[in-house]
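Please find below some remarks on the interior of this model, set out as numbered points.

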Amino acid sequence: MVNGKMNMETPTNVTIKGILGTLMASVDEKKKKRLISLGMGDPTAYSCFTTNTVVQDSVVQTLESQKFNGYSPTVGLLQTRTAIAEYLSLNLPYKLLEDDVYITAGCTQAIEVAISILARPNANILVPKPGFPIYELCAAFRNVEIRRFDLLPDKGWEVDLEAVDALTDQNTVAIVIINPGNPCGNVYSYQHLKKIAETAKKHKILVIADEVYGHLTFGDNPFVPMGVFGSMVPVLTLGSLSKRWLVPGWRLGWFVTTDPNGSFKNAKTVERIKKYFDICGGPATFIQAAVPRILKDTKKAFFTSTLCTLKQTCDICFEKINEIPCFTCPQKPQGAMAVMVKLTVCLLKDISDDIDFCFKLAKEESVILLPGVTVGLKNWVRITFAAEPSSLEEALDRIKSFYQRHSHRQNV
């Protein structure tokens, strides 16, 4: 308090929604080009990505039952927690229990819970660069220091484990691993995940496993949940229905203590987690109640169809990117819904950096990309390929035209 007034500082972190909102506002409507956004990871904006009828019917059924109009327990409905524990256990060498699972309002709230639970004086958390900026924003509100380790583009965006060793000290409480990767589209091998687990164990820190894109893989590496290594190092698994079931607006996520040895999940920690959930507002009760049927009855054909469409749009995106000289893509995506592309600014005569590129592109071509600086890499851009194939092709053709107009070689 200064001079009798509260002195409250707002974190200055750039957010994806914040920068995309500003980009959208800069679109020149006089050009009368339809807006194509490849900036936000919301596949439901395009009709080729729609959820399954089982998913919809499950919610209608629970809503019409009139049994789920009241409050749920703050940690979530028991049947929902049980169903998620069983679902996640299918890919683990041990069985999770319902008490390991806490229901959250999407994966974003699960991130906020993880950081809040681990917060203490002088604590720091290691996050990937590039990464998901919500981690930094949540940490800023909790006065937790963020330390960034590089992902290596020439090695499939693997974690720079030497950098992790150098960054870790006695105040480090956790390392964040996003797999399948946002924003890079990478999918880590079993061997690399094991090395990450061994590194975390060596430093006696937790792994926060952000698996919101879990199972959305279409390359050589299958999805391996970090919880496979839970017996080696405690893992906090974060996930949701959002991406795999194509319902991001339903805000149904989970925070799971994947810790079979109980080295993190002791009575004191469990009490702390439960008390924190007492002040959290979770998803609507009727949405929670639909989860058991959604997890049990969604057919494999639905997931296969989604993956086929993502692979198709990924192939289109990668091919078109290679036709644009100022873009370099170090690796074709193996999963998730986005790719990081390096922007060679020196090939453009009147573009200063990635932010300038994205704003001028939005104004001239009505195409939205996410500036790389938003996710930690200056002079890169993130392109979301979860879009209608025709819209994706048109957007990338417009970007190519934009390059040709702004290229130093325009008149050659």
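How much space lies in the second largest cavity?

1. In this predicted model, about 60 Å³ of space lies in the second largest cavity. Of the 14 residues lining that cavity, those closest to its centre are Pro128, Leu151, Ile178, Gly181 and Tyr188. Two elements, β4 (145–152) and β6 (172–178), each give two or more residues to this lining, and the largest share, three residues, belongs to β6. Sorted by class, the lining consists of eleven nonpolar and three polar residues, with no charged residues.

2. The structure holds two cavities of 30 Å³ or more, and the largest has a volume of about 210 Å³. Its lining numbers 21 residues, of which Tyr87, Leu88, Glu211, His215 and Phe223 are the closest to the centre. Here α3 (78–89), β8 (235–240) and β9 (253–258) are the elements that give two or more residues, while the largest share of the lining, four residues, comes from β8. By class, the lining of the largest cavity has eleven nonpolar, eight polar and two charged residues.

3. Turning to the packing, the largest nonpolar core has 138 residues, and those with the most contacts inside this core are Trp245, Phe255, Phe327, Phe357, Leu369 and Ile383. Helix α4 (residues 106–118) supplies the largest share of the core, namely eight residues.

4. Phe357 deserves a separate look: leaving aside residues up to four places away in sequence, Phe357 touches Cys326, Phe327, Leu343, Leu348, Ile351, Leu369, Val381, Ile399 and Phe402. Among these partners, Phe327 and Leu369 are also listed with the residues that have the most contacts inside the largest nonpolar core.

Definitions and conventions
Residues are numbered from 1 along each chain as its sequence is written. This is a predicted model: local features need pLDDT of at least 70, side-chain atom pairs count only at pLDDT 80 or more; totals for chains, interfaces and linings use all residues. Side-chain values use heavy atoms; hydrogens and water are left out. A nonpolar core is a set of buried Ala, Val, Leu, Ile, Met, Phe, Trp, Tyr and Cys residues joined through side-chain atoms within 4.5 Å. Buried means under 20% relative accessible area, exposed over 50%, partly exposed in between (1.4 Å probe, protein chains only). Contact means heavy atoms within 4.5 Å. On a 1 Å grid over the protein atoms alone, a cavity is a set of points where a 1.4 Å probe fits but cannot get out, and a pocket is an open set with protein on both sides within 12 Å along at least five of seven lines; lining residues have an atom within 4 Å of a point. Grid points are joined across faces, edges and corners, and a volume is the space filled by probe spheres set on the points. Ala, Val, Leu, Ile, Met, Phe, Trp, Tyr, Cys and Pro count as nonpolar, Asp, Glu, Lys and Arg as charged, and the others, Gly among them, as polar.
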